[in-house]
Amino acid sequence: MIFDKLVSIMAEQLGVQPQDISMDTLLRDDLAVDSLDLYNLGMILEDEFNIELPQDEMNDIESVADVVKMLKESGVEE
């Protein structure tokens, strides 16, 4: 499942506990993610899922649900 894999990656990369991440978690407000964190996360997700994410849309991501949606739109399957 995309969400489970994403939680694992985010917890490791952002230094947060997996239980602190839900679909409603806000990246900037809840996890203190800044633009550099978001860029790095995007690069890791591209490598992990073998996709190319639209970098111009990465700054518009607000929640974990937005990341999952973007991954699905980029061809990642459940």
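Which residues in helix α5 are buried? I would like to start from that question today, and I should say at once that what you see above is a predicted model, so that everything I describe is a feature of that prediction.

Helix α5 covers residues 64–73, and within that stretch the buried residues are Val-64, Val-67, Val-68, Met-70 and Leu-71. If you look down the axis of α5, these buried residues fall within an arc of 160°, so they line one face of the helix. For those of you who are new to helices, it helps to remember that an α-helix has 3.6 residues a turn, so residues three or four places apart point the same way. On the other side of α5 you will find Lys-69 and Glu-73, and those two residues are exposed.

What, then, covers the buried residues of α5? The cover includes α1, α3, α2, which runs over 27–31, and α4, which runs over 55–58.

Let me take the contact with α1 in some detail. Helices α1 and α5 pack at an angle of about 120°, and their axes are 10 Å apart. An angle from 115 to 145 degrees falls outside the perpendicular and antiparallel ranges, and that is why α1 counts as oblique to α5. The crossing in which α1 passes α5 is right-handed. On the α1 side the residues that take part are Ile-2, Phe-3, Leu-6 and Met-10, and on the α5 side they meet Val-64, Val-67, Val-68, Leu-71 and Lys-72. By class, that contact has 8 nonpolar residues, no polar ones and 1 charged residue.

Lys-72, which belongs to helix α5, deserves a moment of its own. Lys-72 has a relative accessible area of 45%, and because partly exposed residues lie between 20% and 50%, Lys-72 is placed in that partly exposed class. Setting aside residues up to four places away in sequence, Lys-72 touches Ile-2 and Glu-78. Lys-72 and Ile-2 are 70 residues apart in sequence, and yet their C-alpha atoms are 8.4 Å apart in space.

Asp-66 is also in helix α5, and with a relative accessible area of 30% Asp-66 is partly exposed. Once we leave aside its neighbours within four places in sequence, Asp-66 is in contact with Asp-60 and Ile-61. From C-alpha to C-alpha, Asp-66 is 9.9 Å from Thr-25, a residue that stands 41 residues away in sequence.

Now to the loop between α4 and α5, where we find Ser-63. Is Ser-63 buried or exposed? Its relative accessibility is 10%, and Ser-63 therefore counts as buried. Not counting residues up to four places away in sequence, Ser-63 touches Met-23, Thr-25, Leu-26 and Leu-27.

Let me turn to the other packing that involves α1. Helix α1 runs over residues 2–14 and helix α3 over residues 35–49, and the two pack at an angle of about 135°, with their axes 11 Å apart. That angle makes α1 oblique to α3, and the crossing of this pair is right-handed. In this contact, Lys-5, Leu-6, Ile-9, Met-10, Gln-13 and Leu-14 of α1 meet Asp-37, Leu-41, Ile-44, Leu-45, Glu-48 and Phe-49 of α3. By class, those residues divide into 8 nonpolar, 1 polar and 3 charged.

I will end with the backbone, and for the students here a general point comes before the particular cases. Most residues other than glycine have a negative phi, and most peptide bonds are trans. Where in this model do we meet Ala-32? Ala-32 lies in the loop between α2 and α3, and its phi is near 55°, a positive value in a residue other than glycine. At 61% relative accessibility, Ala-32 counts as exposed. Asn-50, which sits in the loop between α3 and α4, has a phi near 55° as well, again a positive value in a residue that is not glycine. With a relative accessibility of 70%, Asn-50 counts as exposed. A glycine brings us back to the helix we began with, for just after α5 Gly-75 takes a positive phi of about 105°.

Note on methods
Residues are numbered from 1 along each chain as its sequence is written. This is a predicted model: local features need pLDDT of at least 70, side-chain atom pairs count only at pLDDT 80 or more; totals for chains, interfaces and linings use all residues. Side-chain values use heavy atoms; hydrogens and water are left out. Axes are lines fitted to C-alpha atoms, for helices over the stretch in contact, and angles run from 0 to 180 degrees between N-to-C directions. Helices (H or I, at least four residues) and strands (E, at least two) are DSSP runs, numbered from the N terminus. Angles under 35 degrees count as roughly parallel, over 145 as roughly antiparallel, 65 to 115 as roughly perpendicular and the rest as oblique. A crossing is left-handed if the near helix is turned anticlockwise from the far one by less than a right angle, and right-handed if clockwise. Contact means heavy atoms within 4.5 Å. Ala, Val, Leu, Ile, Met, Phe, Trp, Tyr, Cys and Pro count as nonpolar, Asp, Glu, Lys and Arg as charged, and the others, Gly among them, as polar. Buried means under 20% relative accessible area, exposed over 50%, partly exposed in between (1.4 Å probe, protein chains only). The arc is that of the directions from the helix axis to the C-beta atoms.
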